[in-house]
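Subject: Structure handover

Hello,

Here is the structure I promised, with my notes on it underneath. Please open it alongside the text.

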Amino acid sequence: MNTNLEQLHKSAIAALNKGDLRAVHNYCESILGANPAHADAWFLLAMVAANTGKLQQALELIDKALSITPQVADYLAQKAKLLTMLRHDKAARTCADKAVALNPQGALLLDTLGVVYTNLGDYAQARELLNKAVALKPEHLQFRFNLATAEQFLGNLSAAKAHYLKAIEIKPTYARAYWALSELNKENLDGSRVSAMERLLEQKSLSTEDGLYLSHALSREYEQRGHYTKSFKCLQQAKTRRRQELGYSLDKDIAIFQQLQHAFANLDLVSSGNNKLGEPCIFIVGMPRSGTTLTERIVSAHSAVESLGELQNFGLAVRRSVDTNSRLMLNSEIVKLALAVDAYKIGDSYLASVQQRRSQAPFFIDKMPLNFLYIGFIARCLPKAKIICVERNPMDVCLSNFRQLFALNFSYYNYHYDIEDTARYIIAFHQIMSFWKTQLPGRIHTVNYEALTEEPAQHIQELLSYCGLDWENACLNFHENTAAVATPSASQVREKLYKRAIGRWKHYEEQLAGVKDLFDQAGIKY
């Protein structure tokens with residue numbers, strides 16, 4: 001490489017590190033004008049495309065780099081990352097495995113691969129790579145946080161806790177680690193750490209995101225001390241700020257519920273039942289925080305069943321079946337177009353997309369709570385799939401959603417930044433579930449969370465019978481299930497069945513008065 005190209009290349013890398021994407025693009029264009037076979041210029045252009053949300057273009061640019069120099073771990077790792085973002089899991093796994101085979105050494109590269117394997121559900125491989133990244137850069141907060149998350153998913157809660165505490169030791173203002181620690185802790189924090197969080201929360205320069213992390217952590221501490229009014233107020237202030245920042249309106253979510261019911265109202269969802277497509281599939285749906293993870297753990301404790309975790313694959317199979325310019329996962333246009341597609345092609349596409357995650361177990365669980373929106377499509381596209389809906393006292397569901405901090409970049413949870421938005425969302429959920437049950441008589445098995453905790457053996461037997469499974473004692477002893485869990489309930493489901501969360505809403509009865517009124521008006525029993 002001549003001196004001029006070397007300097008342009010260094011300038012492009014420096015510009016990328018500064019976030020000056022226009023400069024990166026210009027430098028790379030100059031490099032490629034002189035040498036079209038400059039692999040790293042193509043790679044850097046791919047990073048520009050990825051940073052501007054053009055994932056497919058980024059993938060094509062990385063492939064151009066790999067066609068020139070195929071054995072570069074950085075290229076393969078970034079390609080794997082893009083493929084996971086596009087939910088092409090099988091191809092992502094292949095790329096990641098190729099990168100690992102090249103014996104990567106850089107901390108950032110190891111972390112990137114660790115996150116890829118985390119997203120693919122291979123937490124053991126992720127932990128191995130992330131451990132190496134942290135060993136190389138022990139002070140790097142994000143690397144350590146990613147390792148702690150992998151340990152948490154694997155059930156190594158003491159190791160996860162140690163990493164979160166170390167992150168706070170490195171940076172006492174690291175709000176996300178305080179929140180993660182609060183998700184693990186069953187006991188109260190010491191007063192000094194609570195005071196530290198309170199001081200951080202008072203800082204005027206605090207970002208909305210860090211305010212959410214700290215408020216959720218403090219709210220949990222206040223609740224454990226019996227300071228319920230203070231706990232609720234702490235959450236409300238932070239969540240109101242976030243909702244205002246997003247400019248969120250519940251109306252768009254409610255419109256999707258109504259559009260689905262209108263589109264499926266006159267369709268026959270039963271007659272296709274002779275097709276055997278979907279026999280291995282067990283879908284578990286429901287409102288988040290209703291007991292879906294508990295139900296998943298119970299069924300996946302059976303020797304014939306494995307859980308693939310919370311997947312977006314079915315929704316993506318529906319979305320990818322249509323040609324539309326919409327960037328949304330689901331809207332009236334997508335519903336209309338997808339209903340005109342051969343239903344079994346969508347079913348086949350979904351099954352192919354999850355194959356990489358499966359082992360030899362005859363049945364698998366797809367536990368994405370919000371798949372309740374897709375029940376009509378599931379019934380059409382996978383006629384033999386089992387559909388389990390978990391229901392819980394709506395007051396507890398409403399409070400639990402409000403108390404939870406869901407993924408900040410997943411817009412389908414935006415309702416949970418306001419307690420009454422959450423109540424209205426729950427009302428819409430009950431209405432659409434009533435609609436699906438009418439359209440699909442006998443097809444959906446309902447699990448009542450409270451009844452399950454009262455008489456577990458009876459309700460587990462009914463659940464297994466619905467799935468066509470024989471009784472196994474392991475399902476009653478689900479807490480001994482060693483499989484990884486990647487949900488907010490990761491620590492709770494490793495305990496024996498408990499009832500302490502039932503009726504928690506009564507501590508907040510004054511704050512939930514508006515919620516009660518909404519449920520009363522809608523005829524929702526609590």
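F283 stands opposite I387 in strand 4. The same F283 stands opposite D366 in strand 3. Please keep in mind that this is a predicted model.

**The sheet**

F283 belongs to strand 1, where it shares one side with C281 and V285. The other side carries I282, I284 and G286. Both faces are covered, and these residues are all buried. Put as a count, six of the six residues of strand 1 are buried.

What does strand 1 pair with? Strand 4, residues 386-391, is one partner, and the two pair in the parallel sense over five bridges. Strand 1 itself spans residues 281-286. Two further residue pairs help you find your way along this pairing. I284 has I388 as its bridge partner in strand 4. G286 has V390 as its bridge partner there.

Strand 3, residues 363-366, is also joined to strand 1. Three bridges link them, and the strands run parallel.

Strand 4 is mostly covered too: five of its six residues are buried. Strand 4 also pairs with strand 5, again in the parallel sense and over five bridges. On that side, E391 has N448 as its bridge partner in strand 5.

Now the whole sheet. It is open, has five strands and follows the order 2-3-1-4-5, with parallel pairing. Which strands sit at the edges? They are strand 2 (305-307) and strand 5 (444-448), and each pairs on one side only. On average, neighbouring strands are turned by 25° against each other, direction ignored.

One helix to look at here is helix 24, residues 456-466. Helix 24 lies across strand 4 and strand 5. Its direction is at about 165° to strand 5.

**Helices 5, 7 and 9**

Next, some helix packing. Two packed helices are described by the angle between their axes and the distance between the axes.

Start with helix 5 (residues 73-85) and helix 7 (residues 107-119). Their axes come within 9 Å and cross at roughly 30°. Angles under 35 degrees count as roughly parallel, so helix 5 and helix 7 are roughly parallel to each other. Helix 5 passes helix 7 in a left-handed crossing.

Which residues make this contact? From helix 5 come A73, D74, A77, Q78, A80, K81 and T84. From helix 7 come L109, T112, L113, V116 and N119. By class, the contact of helix 5 with helix 7 has six nonpolar, four polar and two charged residues.

Helix 7 also packs with helix 9, residues 141-153. The axes of helix 7 and helix 9 come within 10 Å and cross at roughly 30°. Helix 7 and helix 9 are therefore roughly parallel to each other. This crossing of helix 7 and helix 9 is left-handed.

On the helix 7 side, the residues are A107, L108, D111, V115 and T118. They meet Q142, F143, N146 and F153 in helix 9. The class count for helix 7 with helix 9 is five nonpolar, three polar and one charged.

**Helices 12 and 13**

How do helix 12 and helix 13 lie to each other, and at what angle do they cross? Helix 12 covers residues 191-201 and helix 13 covers residues 208-224. Their axes come within 10 Å and cross at roughly 140°. Roughly antiparallel would need an angle over 145 degrees, so helix 12 and helix 13 are oblique to each other. The crossing of helix 12 and helix 13 is left-handed.

Helix 12 contributes V194, M197, E198, L200 and L201. Helix 13 contributes G211, L214, S215, A217, L218, E221 and Y222. By class, the contact of helix 12 with helix 13 has eight nonpolar, two polar and two charged residues.

**Where to look**

For a quick tour, begin at F283, opposite D366 in strand 3 and I387 in strand 4. Move through strand 4 to strand 5, paired over five bridges. Then view helix 24 across those two strands. Finish with the helix contacts, including helix 5 with helix 7 and helix 12 with helix 13.

Best wishes

Notes:
Residues numbered from 1 in each chain as written. Predicted model: local features only at pLDDT ≥ 70, side-chain atom pairs only at ≥ 80, totals over all residues. Heavy atoms only, no water. Pairing = 2+ DSSP bridges. Helix = DSSP H or I, 4+ residues; strand = E, 2+ residues; numbered from the N terminus. Axes fitted to C-alpha atoms, helices over the stretch in contact; angles between N-to-C directions. Contact = heavy atoms within 4.5 Å. Parallel < 35°, antiparallel > 145°, perpendicular 65-115°, else oblique. Left-handed = near helix turned anticlockwise from the far one by under 90°. Nonpolar A, V, L, I, M, F, W, Y, C, P; charged D, E, K, R; others polar. Buried < 20%, exposed > 50% of the residue type's maximum accessible area, 1.4 Å probe, protein only.
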